[in-house]
Amino acid sequence: MLPVMNNRNLWMPEVFNDFFDTDFMSKASATAPAINVKETDKNYTVELAAPGLKKDDFEVNVDNDGNLHIKMESKNDKKDENKKEHYLRREFSYSKFEQTLLLPDDVDKDKIGAKVNDGVLTVDLPKVVKAEDKTARKIEIA
């Protein structure tokens, strides 16, 4: 149940109480976006569900400790300039999320890349390419 003011200084007419004071209009709850982490022999991939967000809503960086830091912030405060109507109830949309991931030692931190496509932030974490140890070599005779 949503609380509705029930005093003489009503900010909303009582006729709307039955409409807003039901389970039909549930409050939005704040939750963290879902994160997937995949690994192949060449890289790790972090996927973060972010429907409706653009690349400008994200900030991805590697901090001084070598950890991956993902920050997301989105505001939706559309303003209507129609003077013939006014809001009786309006809920603004605002979401903010920050996550720090500890990176494995084998990630090449200089080659990390990120992109947003179809509501998913994808961060590619390439693994360090190790030089193969060659066992064949010429041995000097002393």
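**A buried histidine and the nonpolar core**

His69 counts as buried, because its relative accessibility comes out at 18%, under the 20% cut-off. The model is a predicted one, and this histidine sits in strand β4. Its side chain has a partner there: a polar contact of 2.9 Å links it to the side chain of Thr100. Leaving out residues up to four places away in sequence, His69 touches Glu59, Val60 and Asn61, along with Glu98, Gln99 and Thr100. Thr100 thus turns up in the contact list of His69 and as its polar partner.

Strand β4, residues 68–76, also feeds the largest nonpolar core. That core has 16 residues, and the ones touching the most other members are Leu48, Phe58, Leu68, Ile70, Val123 and Leu125. Two or more residues each come from β2 (43–49), β4 (68–76), β5 (93–101) and β7 (120–126). Phe58 deserves a look of its own. Setting aside neighbours within four places in sequence, Phe58 is in contact with Leu48, Ala50 and Leu53, with Lys71 and Met72, and with Val116 and Leu121. Leu48, then, is a contact of Phe58 and is listed with Phe58 among the core residues that touch the most other members.

As for confidence, the protein chain has a mean pLDDT of 77, with 68% of its residues at 70 or more. Residues 24–29 fall below 50, and the model gives this stretch 8 contacts beyond near neighbours in sequence. Over residues 4–13 the pLDDT likewise stays under 50, with 10 contacts beyond four places in sequence. Predicted coordinates should not be read in detail where pLDDT is low.

Technical notes
Residues numbered from 1 in each chain as written. Predicted model: local features only at pLDDT ≥ 70, side-chain atom pairs only at ≥ 80, totals over all residues. Heavy atoms only, no water. Core = buried A, V, L, I, M, F, W, Y, C linked by side-chain atoms within 4.5 Å. Buried < 20%, exposed > 50% of the residue type's maximum accessible area, 1.4 Å probe, protein only. Helix = DSSP H or I, 4+ residues; strand = E, 2+ residues; numbered from the N terminus. Contact = heavy atoms within 4.5 Å. Polar contact = N/O pair within 3.5 Å; in protein donor to acceptor, adjacent residues only side chain to side chain. pLDDT = per-residue confidence, 0-100.
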